[in-house]
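Q: Could you walk me through this structure and say how each label is earned?

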Amino acid sequence: MNNVVALRRSPKLEQPEDLSTIVVAGAGAAGATTTCFGLATALRLGLGADVAAIDGTFGGGNLLDRVGVEPIDPARAIRQLGSRMALSSAGAVVVGHGDATDTALVDSLLADRHLARIHDVGTALRSRRLAPLLEAGAAIVIVAPARSEPLARMRAGLEWLIGTYGRGVLARTVVSISHQMPHRLVDLAPIREHLTPVVAGFVEVPFDAALARPGRVDHRRLSVASIDAWTDVLDALGRIEAGHHDTGGHQAGAGELA
């Protein structure tokens with residue numbers, strides 16, 4: 001399979017194998033699954049890194065069905081994950097949902113294999129099952145579609161994070177806005193202006209017809225603009241990993257969600 005696509009640059013991650021990230025939907029149908037797939041794809045293509053996209057949703061998710069295109073080599077399979085492993089078109093490991101999925105355990109098993117881990121947890125930000133990863137300092141990508149009501153729900157999610165883990169949690173949180181329509185429905189400039197100083201990154205992912213189609217997703221059909229946007233998210237995660245935040249008169253995470 002030819003995995004070559006046009007890329008303008010590679011993500012800036014010094015040690016991708018150390019990456020552990022939770023992708024959470026700020027509202028229903030926000031695009032957490034495609035964001036998880038997109039980040040894994042951009043990391044795999046940009047750095048050739050071993051990476052896993054993990055379905056950590058509670059109640060069932062479709063990540064494996066959507067992006068798993070070929071069986072994983074049995075030599076690479078992890079016994080505890082059974083038949084829930086496959087490969088994406090770009091060669092990322094895909095781990096499907098399990099009724100008894102322990103997110104922290106899955107993260108540990110994959111970390112032992114030196115894979116970067118990107119967990120799609122859907123809307124379950126407040127689940128106790130995520131607490132071990134959040135308390136361990138995992139990065140957070142909170143995703144919302146570019147519509148007014150979901151953006152308001154995303155704000156509630158950010159406020160819950162602050163109330164639960166302290167304002168410093170914003171310094172390891174990236175906001176990703178998914179455009180699910182070819183035309184813009186809201187003006188994001190005020191939201192970008194407000195959030196950019198207080199979070200680790202604010203990225204807009206443009207509409208991509210390949211993601212809007214039903215069925216399995218092949219990375220070779222994705223637009224360069226989408227992959228570049230996911231690379232921007234990875235760059236922000238790299239800054240979190242390196243501990244480099246823009247202070248510019250106020251440290252990321254120190255502002256107010258007024």
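Q: What phi does H114 take, just after α3?
A: H114 takes a positive phi of about 65°. As for the name α3, helices (H or I, at least four residues) and strands (E, at least two) are DSSP runs, numbered from the N terminus. Keep in mind that this is a predicted model, where local features need pLDDT of at least 70, side-chain atom pairs count only at pLDDT 80 or more, and totals for chains, interfaces and linings use all residues. Residues are numbered from 1 along each chain as its sequence is written, while side-chain values use heavy atoms and leave out hydrogens and water.

Q: What makes the link between D102 and A104 at the start of α3 a polar contact?
A: A polar contact is a pair of N or O atoms within 3.5 Å; within protein, one must be able to donate a hydrogen and the other to accept it, and residues adjacent in sequence count only if both atoms are side-chain atoms. Here a side-chain oxygen of D102 comes to within 3.1 Å of the backbone nitrogen of A104, so the pair fits the cut-off.

Q: How do you know that the buried residues of α3 are on the same side?
A: The buried ones are T103, V106, D107, L109 and L110. Around the axis they cover an arc of only 165°, which puts them on the same side of α3. That arc is taken from the directions from the helix axis to the C-beta atoms. They pack against β1, β2, β5, β6 and α4.

Q: Why is S226 called buried?
A: Buried means under 20% relative accessible area, exposed over 50%, and partly exposed in between (1.4 Å probe, protein chains only). S226 has a relative accessible area of 0%, so it is buried. This residue lies in helix α8. Leaving aside residues up to four places away in sequence, S226 touches P206 and D208, where contact means heavy atoms within 4.5 Å.

Q: What does H97 reach with its side chain?
A: The side chain of H97 gets to the backbone oxygen of T57 at 2.6 Å, and H97 itself sits in the loop between β5 and α3. Among the residues it touches are D55, F58 and R84.

Q: Why is β9 called largely enclosed?
A: Five of the five residues of β9 are buried, so the strand is largely enclosed by the rest of the structure. Both faces are covered: G201, V203 and V205 are buried on one side, F202 and E204 on the other.

Q: What makes β8 and β9 a pair?
A: Two strands pair if DSSP finds at least two bridges between them. Strands β8 and β9 have five bridges, in the parallel sense, so they pass. I177 has E204 in β9 as its bridge partner. From β8 the chain crosses through helix α6 to β9, and this β-α-β crossover is right-handed: with the strands pointing away from the viewer, the path from the first strand over the helix to the second runs clockwise.

Q: Why are β3 and β9 called edge strands?
A: The open sheet has nine strands in the order β3-β4-β5-β2-β6-β1-β7-β8-β9, with mixed pairing. Its edge strands are β3 and β9, as each pairs on one side only. Elsewhere in the sheet, β2 and β6 run parallel and are joined by five bridges.
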